[in-house]
Amino acid sequence: MENNNTAAPQRKPVVFSAIQPTSVPTIGNYFGAFKNWSNMAEDYDCLFAVADLHAITVRNEPAMLRKQTKEMFALLLSLDLKPEKNIIFIQSHVPAHAELSWILNCYTQFGEASRMTQFKEKSQKHADNINIGLFAYPTLMAADILLYQTNFVPVGADQKQHLEITRDIAERFNGIYGNTFAVPEPLIGKSGSRIMSLQDPAQKMSKSDPNPKASVSMLDTPDMIVKKFKSAVTDSEAVVRYADGKDGINNLMSIYSCCTGSDFDAIEREFDGKGYGEFKLAVAEAVISNLKPVQEKYNKIVNDAAYLKECAAKGAEAANYVSGKTLNKVMKKVGLLLK
Ligand code: TRP
């Protein structure tokens, strides 16, 4: 019997995002991605993955990759992502990702994959290892997203093109076989997505910066954080205000705003008549207290192999279940004989 008005739980919009284990997370990642993910964990059905299959498109030391995967997984579990409601997992533990990506390869044109700017950049950077995985990186990413009938993907601006090709592939497939995939929308972060280097505020903050004072890792100790902010580059005006030509102070104000939620006007008022020394210390303290709960949880679990294993198994099981449904649908539609 049809019954549309009883309490079947309303399905929330689905959010999917992933991060490569090889990218060492800085406070730029924290404010640009992780903190927003935490805010979404309440209102959406979220899936967050450690993209280890994407990481092997370039060469890694195997033991190091395993360590980084474990640490990134522990870090995701340490964020306020509500793992009891949302799914946190390791990409390679869910075979449907590799399986769907193969199928999508057969529905993606050589020409469109060749136009990806990230592929062009990485081919230049790794000229001795331009492998097919690097070329097929976007179809694996499309598989990640499409397997879960994802509605929204929070991504940095650098991943926007990958989301566009994902939408193209989904629409093409739906056009041929009828509605199969949800077509995802990007959620491009605003503030926080561009936290700049503390030493050269014209550059984006990056852990690969040769100057260790330029970036703050999510796992830096309070002492290190204070030191780095104390030596942050500013200007000679000695007035805390947001203005053109004050990139260093603008960046510190952005970071403070991410930590406290204050807007620039409020920050200017708060530090009216105060010097840069005092302001820098306040920014450092705000960062330290923002990171504290994450660091505490991380330090507690990162060496607890049994706990991490159990969480990884739970995440993989849940992700397997959801992705399996889409994969089955796809296999049927393209004419693969189901088991
Ligand atoms: N390629 C993304 C990055 O390097 C990581 C990623 C893999 C991802 N799969 C994804 C991001 C799916 C969003 C959705 O940042």
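**Reading a ligand site and its surroundings**

Modeller: Let's start at the ligand: one of its nitrogen atoms is 2.7 Å from an N or O atom in the side chain of Y137. Keep in mind that this is a predicted model.

Colleague: Thanks! Which other side chains have an N or O atom, or another polar atom, at such a distance from the ligand?

Modeller: The cut-off to remember for a polar contact is a pair of N or O atoms within 3.5 Å. In D144, a polar side-chain atom lies 2.7 Å from a nitrogen atom of the ligand. Q20 offers a side-chain N or O atom at 3.5 Å from an oxygen atom of the ligand. As for cover, the protein takes up 88% of the 360 Å² of accessible area that the ligand has on its own.

Colleague: How many residues surround the ligand, and which are the closest?

Modeller: Here a residue counts if one of its heavy atoms lies within 4 Å of the ligand. On that basis 13 residues surround the ligand, and H54, Y137, M141, D144 and Q159 are the closest. Sorted by class, the shell has eight nonpolar, four polar and one charged residues.

Colleague: Which helices and strands each supply at least two residues of that shell?

Modeller: Three elements do: β1 (14-19), α8 (137-146) and β4 (152-155). The largest share, four residues, comes from α8.

Colleague: What should I know about reading a helix such as α8, and how many of its residues are buried?

Modeller: The general idea is that an α-helix has 3.6 residues a turn, so residues three or four places apart point the same way. In this structure α8 is mostly covered, with 10 of its 10 residues buried. Among them are Y137, M141 and D144, which are also among the closest residues to the ligand.

Colleague: And β1: is F16, which sits in that strand, buried or exposed?

Modeller: Buried means under 20% relative accessible area. F16 counts as buried because its relative accessibility is 2%. Its C-alpha atom is separated by 20 Å from that of F173, which is 157 residues apart from F16 along the chain.

Colleague: Where is K246 placed, between which helices?

Modeller: K246 is in the loop between α10 (222-230) and α11 (247-260). With a relative accessible area of 5%, K246 is buried. Its side chain is joined to that of E237 by a polar contact of 2.6 Å.

Colleague: Let's turn to cysteines. How many disulfides does a search of the whole structure find?

Modeller: In general, a disulfide is a covalent bond between the sulfur atoms of two cysteines. Here the search finds zero disulfides. Take C46: the nearest cysteine sulfur, that of C311, is 17 Å away, whereas a disulfide requires sulfur atoms within 2.5 Å. C46 is buried, at 3% relative accessibility, while C106 is partly exposed at 48%.

Colleague: Finally, the whole fold. How many helices and strands are there in the protein chain?

Modeller: The chain has 14 helices and five strands. Its radius of gyration is 22 Å, close to the 20 Å that the globule rule gives for 339 residues, so the chain is as compact as a globular protein of that length. Along the principal axes, the C-alpha atoms fill a box of roughly 70 × 55 × 40 Å. Buried residues make up 47% of the 339 residues.

Conventions. Residues are numbered from 1 along each chain as its sequence is written. This is a predicted model: local features need pLDDT of at least 70, side-chain atom pairs count only at pLDDT 80 or more; totals for chains, interfaces and linings use all residues. Side-chain values use heavy atoms; hydrogens and water are left out. A polar contact is a pair of N or O atoms within 3.5 Å; within protein, one must be able to donate a hydrogen and the other to accept it, and residues adjacent in sequence count only if both atoms are side-chain atoms. Accessible areas come from the Shrake-Rupley method with a 1.4 Å probe; for residues, only the protein chains shown count as cover. Ala, Val, Leu, Ile, Met, Phe, Trp, Tyr, Cys and Pro count as nonpolar, Asp, Glu, Lys and Arg as charged, and the others, Gly among them, as polar. Buried means under 20% relative accessible area, exposed over 50%, partly exposed in between (1.4 Å probe, protein chains only). The radius of gyration is taken over C-alpha atoms; the globule rule is 2.2 Å times the number of residues to the power 0.38.
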